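Visitor: I would like to take a close look at a single part of this structure. Could you lead me through it slowly?

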Amino acid sequence: MSDLYKKFKCFLYVSEEQKWLEEMALQGYILEDIKMGVLFYFKKDAPKRMLYEYDRFFQKKQPTRDDILEKENFLQMAEETGWKEVTHDETLTYYFAKEYEEDGFNELYIDEESKQKKVDKFRTLYESQTKSLIHISAIISILLFLFLLFIPQKWFLYILSGYLSVSFLYLSYVQSFLPKFYKDLMLSRDDLEEQKKNKTIKKYRFIFTSWKLQKYLKKYAEKGWELVSMNSFSYVFQKCSQPSVHYVIDSNSMVNTRRKILGLDKVHDTKDWMSLSHDWQAMSLAYAESYGLEYLCAYENRIMIYKVYDATKIPEDLQKSKNLFISKAANFSTYMLVCGIIGFIIGFCMAAIGI
């Protein structure tokens, strides 16, 4: 493979890998092989618009006749529709490619049932891997615990605690990630083409207050990017559909201020200790949409974010939004910092006067 172009790349989602491989083909790099799911080998050729798809073929412990012939039947069907097998990786995930046909049928899977069957194969793989990891973690934990009983050294306890913590965090992440992965596998060719048109970028940043958030969003708006979604520390942007976008942030306290002006009671449920009620959000939504603001996203039941392309539509009370913490984590972090500073000052003063 010395004459092939080698590229190391890691993807979480199949759609991201598909779009990347298709972009490489447009540059004249056609996929030839892949190892360990991350090492790609390309052949240099004339730029082409190639399409890529995936499926997985593995043998069950007690296969039926149909199970044995499944791969051969699928390959035959794929070739009849113009798809060719390129290669497969170590998990027996097979890569298929086809040159795009302007007026042709460019899907490998013709219905939802065939797509779901593909998803079920990958679900079998990852569920098996997760179970194996749980069994291995249990065995290692038992062995470390036995070592700790016979060799009572602190560093064994540290190893055991660290290992269990890492295993727990990893398994928690996998359980939250897999549903998104399976949903991604169900995307159609039209969905992928739509994603290409609406190309997004993801940025990571810790932002604690609403004023800082508005300043950050405005910076990207000036560069031609508008917010799509956000979480605690990541922000997804896509190219603005119009020249300028303005953001408006609303909150529970601002909704209550408006209600107070109208002589109405505050939106407050005394039984809602965990702040799970979203009654104020429905009121915020109705108010914002009455002025032509477009709902963008909500975060932690604390803020609502709207966008508008005409700044004159923004009502006066939303133009003067309060500066507030946009997440509980920001609140807790600030409280801990303040308590730490106060504790340090008290401790320093007590040491200084010799108490």
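Visitor: What span should the twelve residues of helix 8 have, and how far apart are its end C-alpha atoms?

Guide: This is a predicted model, in which local features need pLDDT of at least 70 and side-chain atom pairs count only at pLDDT 80 or more, while totals for chains, interfaces and linings use all residues. Residues are numbered from 1 along each chain as its sequence is written, and side-chain values use heavy atoms, with hydrogens and water left out. Helices (DSSP runs of H or I, at least four residues) and strands (runs of E, at least two) are numbered from the N terminus. Helix 8 covers residues 279-290, and at 1.5 Å a residue it should span 16 Å, which agrees with the 17 Å between its end C-alpha atoms; the expected span is 1.5 Å times one less than the number of residues.

Turning to its surroundings, the buried residues of helix 8 are Trp 280, Gln 281, Ser 284 and Ala 288, where buried means under 20% relative accessible area and exposed over 50%, with partly exposed in between (1.4 Å probe, protein chains only). Seen down the axis of helix 8, these buried residues fall within an arc of 95°, so they line one face of the helix; the arc is that of the directions from the helix axis to the C-beta atoms. The face turned away from this buried side carries the exposed residues Ala 286 and Ser 290. Among the elements that cover the buried residues of helix 8 are strand 10 (246-251), helix 7 (252-261), strand 11 (294-299) and strand 12 (303-308), with contact meaning heavy atoms within 4.5 Å. Helix 8 is followed by Gly 292, whose phi is positive, near 85°.
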